[in-house]
Amino acid sequence: MLPGELEGGVNFDAVSASADNRMGRWTLQRKSRIKPVRAASSSYSRKKGPVEQFVWNMLRIPLLLLLALVMVAIRDVTIVCREEFGMPAVLLDVGAAGHCLYREVLWAEDTRPGIKFVPV
C-alpha cells in the first residue's frame, strides 16, 4: 500500500514526482471505497453550543415582546397620523409628520385630557 490510500479510500497504482516538487498519485480505480458522509438535515449547518442555547433562550421572549410592541406602535401611528403621513402632506409640511408622531403617539403633553400628573 502506498501512503494516503487509507484516508481517501482509493488504491494508488503509482506515484510520480514532478519538477516542481509535487507528488502525483495515479490510480485505475473509478470511485472511492469510502461512502461520503451526508448531513442529517440541510436546514441548519451546525449545532448550537450550551452557552449559545442558554443566551438564545433568555433573549427570545424579550425580543418577541419588543417586536410586538413595535408592531402595536406602528399600528397606532398609521391610525392616528394617517393624514400627516400621506404623500401631499409630507411634500407640503415635512414637520407635521414628525410632530404628530412625537406629540400624538409617543409622548402625551401634560395639558392633554386624561393626564393626571406629569411623571418626574
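1. A residue is called partly exposed when its relative accessible area lies between the limits for buried, under 20%, and exposed, over 50%. His 99, at 49% relative accessibility, therefore counts as partly exposed. This residue is located in helix α4, which covers residues 94–106. His 99 lies 9.6 Å from Cys 81, C-alpha to C-alpha, and the two are separated by 18 residues in sequence.

2. The structure under review is a predicted model. Its mean pLDDT is 76, and 76% of the residues reach a score of at least 70. Confidence varies between elements: helix α2 has the highest mean pLDDT, 89, whereas helix α1 (residues 5–8) has the lowest, 62. Statements about α1 should be read with that value of 62 in mind.

3. As to overall architecture, the protein contains 4 helices and 2 strands. Their order along the sequence is α-β-β-α-α-α. Of the 120 residues, 7% count as buried. The accessible surface amounts to about 11100 Å², and carbon and sulfur atoms contribute 65% of this area. Among contacts between residues at least 6 apart in sequence, 21% link residues at least 24 apart.

4. The two strands deserve a separate remark. Strand β1 (residues 14–17) and strand β2 (residues 23–26) run antiparallel and are joined by 4 bridges. Within this pairing, Val 15 stands opposite Arg 25 of β2. The strands form a hairpin with 5 residues between them. In the turn, Asn 21 adopts a positive phi of about 65°. In a regular strand, side chains alternate between the two faces of the sheet.

5. Helix α2 spans residues 50–80 and includes Val 70. Val 70 also belongs to a nonpolar patch on the surface, together with Val 51, Phe 54, Val 55, Trp 56, Met 58, Leu 59, Leu 63, Leu 66 and Ile 74. The combined accessible area of the patch is about 1000 Å². Why can Val 70 be a member of this patch? Patch residues need over 30% relative accessible area, and Val 70 meets this requirement because its value is 40%. That value also makes Val 70 partly exposed.

6. How many salt bridges does a search of the whole structure find? The search returns 1. Side chains of opposite charge can pair when their charged atoms come close. Here the partners are Arg 75 and Asp 76, whose side chains meet at 3.6 Å, N to O. This distance satisfies the criterion because a salt bridge requires a side-chain nitrogen of Lys or Arg within 4 Å of a carboxyl oxygen of Asp or Glu. Are the two partners buried, exposed or partly exposed? Asp 76 has a relative accessibility of 29%, and Arg 75 has one of 46%. Both therefore count as partly exposed.

Definitions and conventions:
Residues are numbered from 1 along each chain as its sequence is written. This is a predicted model: local features need pLDDT of at least 70, side-chain atom pairs count only at pLDDT 80 or more; totals for chains, interfaces and linings use all residues. Side-chain values use heavy atoms; hydrogens and water are left out. Patches are made of residues with over 30% relative accessible area and no salt bridge: like charges are joined within 9 Å, nonpolar side chains (Val, Leu, Ile, Met, Phe, Trp, Tyr) within 5 Å. Accessible areas come from the Shrake-Rupley method with a 1.4 Å probe; for residues, only the protein chains shown count as cover. Buried means under 20% relative accessible area, exposed over 50%, partly exposed in between (1.4 Å probe, protein chains only). Contact means heavy atoms within 4.5 Å. Two strands pair if DSSP finds at least two bridges between them. pLDDT is the predictor's confidence in each residue, from 0 to 100.
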